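Here are my notes on this one, jotted down as I went through it. Have a look at the model first, then read on.

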Protein chains: 2
Amino acid sequence: MNYLDYAASTPVCTQALELFCELSVNHYANASSLHDAGSEANGVLRYCREQLAVYLEGCADRVFFTGGGTEANIFAIISLAKALPAQRRHILVSQMEHSSVQHAMSMLSEQGFSVSILQPNQYGMVTTERLEAQLRPNTGLVSVQHANSETGIIQPIAMLAKRLRKDGILLHTDAVQTFGKLEVSHAVLGADAITLASHKVYAPKGVGVVSLGPNVAWQPLYPSSSHEGGFRPGTVNVPLIGAFVAACEAIWPSRSADREHTRSLRDRLIAGIEKQSLPIRYFSPSAYDVLPGIFGAFYQGLEGQYVMLTCNRHGVCIATGSACRATEQGLSPALKALGLSHHQGAQYIRISFGRGSTIADIDALLDVLARLAQHQHQR
Amino acid sequence: MNYLDYAASTPVCTQALELFCELSVNHYANASSLHDAGSEANGVLRYCREQLAVYLEGCADRVFFTGGGTEANIFAIISLAKALPAQRRHILVSQMEHSSVQHAMSMLSEQGFSVSILQPNQYGMVTTERLEAQLRPNTGLVSVQHANSETGIIQPIAMLAKRLRKDGILLHTDAVQTFGKLEVSHAVLGADAITLASHKVYAPKGVGVVSLGPNVAWQPLYPSSSHEGGFRPGTVNVPLIGAFVAACEAIWPSRSADREHTRSLRDRLIAGIEKQSLPIRYFSPSAYDVLPGIFGAFYQGLEGQYVMLTCNRHGVCIATGSACRATEQGLSPALKALGLSHHQGAQYIRISFGRGSTIADIDALLDVLARLAQHQHQR
């Protein structure tokens, strides 16, 4: 099988899996228990928190673990929103956010917050100008993803943060797709809140992270939550969190090599498409700022779903967009934001790759794409 | 180390861990992805759902996975409450519920539901009479745990369900402590909603279950949630869910043997206490209906915390109550419900054991308890 759907979920690295097993066998105690077994589990937890604080240039006591990226986005946004002063209850979110951000917004709307949608420019970018045009005197919080999971388009978070800081407006960024690939930290991005998810960085599914800046006020989603410094209730999953940090430690030293690797695979894919003159349009790096590991494209004249299923029949796994919306009809927010028609959007395919991807994976994909073009030609 | 804190978290069984590794390596794809890798992960998920439906005598398409027991309780209660008719928005919960149930209640109170607290009798039991006295014409939902995590006291869920059914009132029961130990199913308990958690049944932490009866109306906590049939958003954790079901399958055949085993350890503990006339009061099985694996006791004249720490110094892990409240001050709701004074409550210790516990564990504990009595005597 040629797996080219890393943006949906990555394979788990050996280091993460081995540590998970070791912790499950030796540190299964509840980290909140006060006996030694609990304290040892808590020691592992503390180490993980400190390690993430180093990566994120944050504070260990403001790194909160959740059960995944969705929960991290929901908890981050609602916890920040609940602590906003009464005269600052307007929230701005980009049009392309993950559905979890939409969930947080619908909950906040019900609670009397006003929410508005920030549209990007024609290249899918939330520029400072776009942002500025929608700021209100009562804007308290802005949420813009670092990169989109469907298109890979990267947002200029640091610039947005700089602008928002002037007015004391908080910025949350969903860095689920970029952590471990681009530089993601409070210092680099200037964001007040950053969220991560384990299964996009070669760790098992089931861990999310919310990291808050040092002076950011927050109120728990559930008052008197008993874990994670009051941030989230529920037994803290020490073995999974340990596995997540083990995966981070495994990938950290080779981040630039990995970036080069994915970039060269992307170049090979583009070269193959161009050489064979395949009827495929893609986000050209000259116009769009995209993550090298996410290649979004339009197969002209064919439905993305048909291309995906044909690839699948030939043992190549690609996607037509976010797995979180795979069963939904209609254009996704990320494609809508680019001003695409339904017809264009229906042609969309997403190819995503990473550390474990090979030249053979790309070549197998190119074979199927070429075969499709031949069929199209014969018809 | 003699680990006697199974009610906080159990060790993970080999079968669960092995399957977790296998699924993490071979089925890491997102179960919502439409390619074969996703379909295969989804196939595992379907099997797990069906298997749980068999155990719970429920419907596979009404078994919803969450990230843990806390999330399961919150989602179960809020999803049921949101679908209650306008004239049925009164909710009754027992005084001893897990903090996650309290979280759900505070959220529902904010949303205009009226919530009231159901007090048990002097033996900690929510009787049909107690229930009846608090029912209102607008009561729509009742939540009573199957057994308490701190005291082990079992509630007569089937009887309560029978009474509630007469008035068309829904019943949710938190069966986190009893699943795999007592009979837990929709048919046996008569509950409309049952919640479970993986780490109390020899599986890794990180999976919760909400099982709903066939005709129970519900509304998602987050509208348009994309996973779990709309019940919960967030990538479904197939490897962990598989591990949970593997643990269930491992323990299922030996459930009565395990019950006998824990009962005999409990008898040994009681016999040791009585033989040495240790100054320990406990919930006598003749007065209280308790889970055999949870032994709640009061060390007269000593603080529970002191007893726990002394045990810990001698390599025996016990608790003073729920790990979810370990750092909180004051009497827990479960002890308050028994009408205990703060002074009595402070003497509380919880010893909990299961499949992996041995006679040596109990004897090591008895040694420390006897040593404490000697010291007390010498002072």
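**Notes on the model**

1. Starting with one pair: B:Gly296 has B:Arg350 as its bridge partner in E12(B). Strand E10 (residues 294-299) of chain B runs antiparallel to E12(B), with 5 bridges between them. Pairing takes at least two DSSP bridges; strands are DSSP runs (E, at least two residues) and helices likewise (H or I, at least four), numbered from the N terminus.

2. Ground rules: this is a predicted model, where local features need pLDDT of at least 70 and side-chain atom pairs need 80 or more, while totals for chains, interfaces and linings use all residues. Residues count from 1 along each chain as written, chains are lettered from A and ligands numbered from 1 in the order written, and side-chain values use heavy atoms, without hydrogens and water.

3. Those strands belong to an open antiparallel sheet of 3, ordered E9-E10-E12 (chain B). Its edges are E9 (280-282) and E12 (348-352) of chain B, each pairing on one side only.

4. Chain B lies on chain A with an RMSD of 0.0 Å after a turn of 180° and a shift of 0.0 Å along the axis (least squares on C-alpha atoms of residues with pLDDT of at least 70 in both). That is a two-fold axis relation. In chain B, the C-alpha nearest the axis belongs to B:Gly67, at 2.9 Å.

5. On packing, the largest nonpolar core (buried Ala, Val, Leu, Ile, Met, Phe, Trp, Tyr and Cys joined through side-chain atoms within 4.5 Å; buried is under 20% relative accessible area, 1.4 Å probe, protein chains only) has 128 residues, with A:Phe179 and B:Phe179 making the most contacts inside it.

Notes:
Buried < 20%, exposed > 50% of the residue type's maximum accessible area, 1.4 Å probe, protein only.
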